[in-house]
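Trainee: Before I rely on any label attached to this structure, I would like to go through the reasoning behind it with you.

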Amino acid sequence: MAQVIVPARKVLREQFGIQANPGQFIVALAGNPNVGKSTVFNALTGLRQHTGNWPGKTVDNAQGTFSYNNRSFLLVDLPGTYSIMAHTAEEQIARDFICFGRPDVTLVVVDATCLERNLNLALQIMEITSQVVVCVNLMDEARKKQIQVNINLLEKELGVPVVATAARQNEGLNHLLATLYRIATGECKTHHKQLQYSPEVEAAIAQLLPNIERHIDKRLNARWVALRLLDGDRAFIESIALHLQLSGNPVVREAIQ
């Protein structure tokens with residue numbers, strides 16, 4: 001079956017209802033509920049925002065714009081989720097947008113007072129894309145609770161930029177804007193650490209990768225696709241068929257048998 005390559009902006013418009021201007025950077029805003037994600041969204045976009053629903057869903061879709069260094073950014077607020085393993089409509093939207101919408105940057109907001117719980121989502125997203133900035137928000141609450149966060153060490157461990165903020169006080173937002181700009185423009189390259197699984201899983205991934213890479217080229221993270229196929233994630237397989245026109249792909253067909 002011939003492959004149909006759908007331009008990223010066409011996917012954004014037709015599948016996600018995102019109308020981006022030419023040359024505008026797309027930033028996906030992700031995070032667990034109650035980490036101050038909406039506060040970060042409002043602090044960055046101000047009144048330059050509008051809300052609606054994701055196409056075919058009853059889930060809210062908020063978008064806003066901001067500018068930095070004479071470049072325009074469209075910030076897309078993804079539903080708050082604890083995971084992107086797609087067990088709910090919210091998780092599926094977040095996963096599909098990061099995976100198929102191909103944002104220039106994914107900004108993951110975490111709560112400085114409970115990093116252990118929040119970083120699970122960040123690590124999942126980093127398996128999809130390396131274009132990640134982690135925003136450690138609620139630093140003011142962490143100080144009240146006498147919690148210290150070593151931002152430099154966290155950045156070293158994750159291999160992506162980490163920015164400390166207290167969005168309600170506008171603390172750290174200028175640094176956040178500069179970091180988003182550097183990632184979006186390619187000025188800053190990430191070196192995120194890849195999670196390693198058991199030898200059996202790694203062997204299965206290695207076996208799948210050549211066929212996956214041949215069919216999807218570089219439009220998706222082939223390793224992450226292999227992991228989802230090994231999971232037998234039917235919803236994701238359907239999403240591949242929808243967004244990449246790979247419904248006749250033998251790799252997909254074999255994986256769901």
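Mentor: What follows takes several labels in turn and sets each value against its cut-off.

Mentor: Keep in mind throughout that this is a predicted model. The protein has eleven helices and seven strands, and of its 257 residues 50% count as buried.

Trainee: Why is Leu138 called buried?

Mentor: Its relative accessible area is 13%, and buried means under 20%, so Leu138 falls in the buried class. Leu138 sits in the loop between β6 (132-137) and α5, and its phi is positive, about 60 degrees, although the residue is not a glycine.

Trainee: And what makes Asn69 partly exposed?

Mentor: The relative accessibility of Asn69 is 47%; because the partly exposed class lies between 20% and 50%, Asn69 belongs there. Asn69 is likewise a residue other than glycine with a positive phi, near 55 degrees, and its place is in the loop between β3 (60-68) and β4 (71-77).

Trainee: Why is α2 said to be roughly perpendicular to α7?

Mentor: The axes of helix α2 (residues 37-45) and helix α7 (residues 173-185) cross at roughly 80 degrees and come within 11 Å. Angles of 65 to 115 degrees count as roughly perpendicular, and the crossing of α2 and α7 therefore earns that description.

Trainee: Which residues make that contact, and how do they divide into nonpolar, polar and charged?

Mentor: Helix α2 contributes Val40, Ala43 and Leu44, while α7 contributes Leu173, Leu176, Leu177 and Leu180. The division is seven nonpolar, no polar and no charged.

Trainee: How do you know that Glu171 and Arg143 form a salt bridge?

Mentor: Their side chains meet with N to O at 2.9 Å, and the criterion asks for a side-chain nitrogen of Lys or Arg within 4 Å of a carboxyl oxygen of Asp or Glu, so the pair qualifies. Glu171 lies in the loop between β7 (162-164) and α7, whereas Arg143 is in helix α5 (residues 139-144), so the bridge ties together parts that are 28 residues apart in sequence. Glu171, at 29% relative accessible area, is partly exposed, and Arg143, at 47%, is also partly exposed.

Trainee: What makes Arg182 and Glu187 a salt bridge?

Mentor: The N to O value is 3.6 Å, and because the limit is 4 Å, this pair passes as well. Arg182 is partly exposed at 33%, but Glu187 is exposed, since its 54% relative accessible area is over 50%.

Trainee: What separates Asp231 from Arg228, and why is Arg228 called buried?

Mentor: The two residues are three apart in helix α9 (residues 222-231), so about one helical turn separates them, and their closest N and O atoms, 2.5 Å apart, form a salt bridge. Arg228 has 5% relative accessibility and therefore counts as buried. Elsewhere, salt bridges with shared partners join Asp140, Glu141, Lys144 and Arg168 into one network, and the whole structure holds nine salt bridges.

Trainee: Which residues have the most contacts inside the largest nonpolar core?

Mentor: They are Leu78, Phe97, Val134 and Val136, in a core of 54 residues. Its largest share, seven residues, comes from helix α4 (residues 115-128). Apart from this core lies another, of 26 residues, among them Val40, Val133, Leu176 and Cys188. Beyond its neighbours within four places in sequence, Val134 is in contact with Val108, Val110, Ala122, Leu158, Val160, Pro161, Val162 and Val163.

Notes. Residues are numbered from 1 along each chain as its sequence is written. This is a predicted model: local features need pLDDT of at least 70, side-chain atom pairs count only at pLDDT 80 or more; totals for chains, interfaces and linings use all residues. Side-chain values use heavy atoms; hydrogens and water are left out. A nonpolar core is a set of buried Ala, Val, Leu, Ile, Met, Phe, Trp, Tyr and Cys residues joined through side-chain atoms within 4.5 Å. Buried means under 20% relative accessible area, exposed over 50%, partly exposed in between (1.4 Å probe, protein chains only). Helices (H or I, at least four residues) and strands (E, at least two) are DSSP runs, numbered from the N terminus. Contact means heavy atoms within 4.5 Å. Axes are lines fitted to C-alpha atoms, for helices over the stretch in contact, and angles run from 0 to 180 degrees between N-to-C directions. Angles under 35 degrees count as roughly parallel, over 145 as roughly antiparallel, 65 to 115 as roughly perpendicular and the rest as oblique. Ala, Val, Leu, Ile, Met, Phe, Trp, Tyr, Cys and Pro count as nonpolar, Asp, Glu, Lys and Arg as charged, and the others, Gly among them, as polar.
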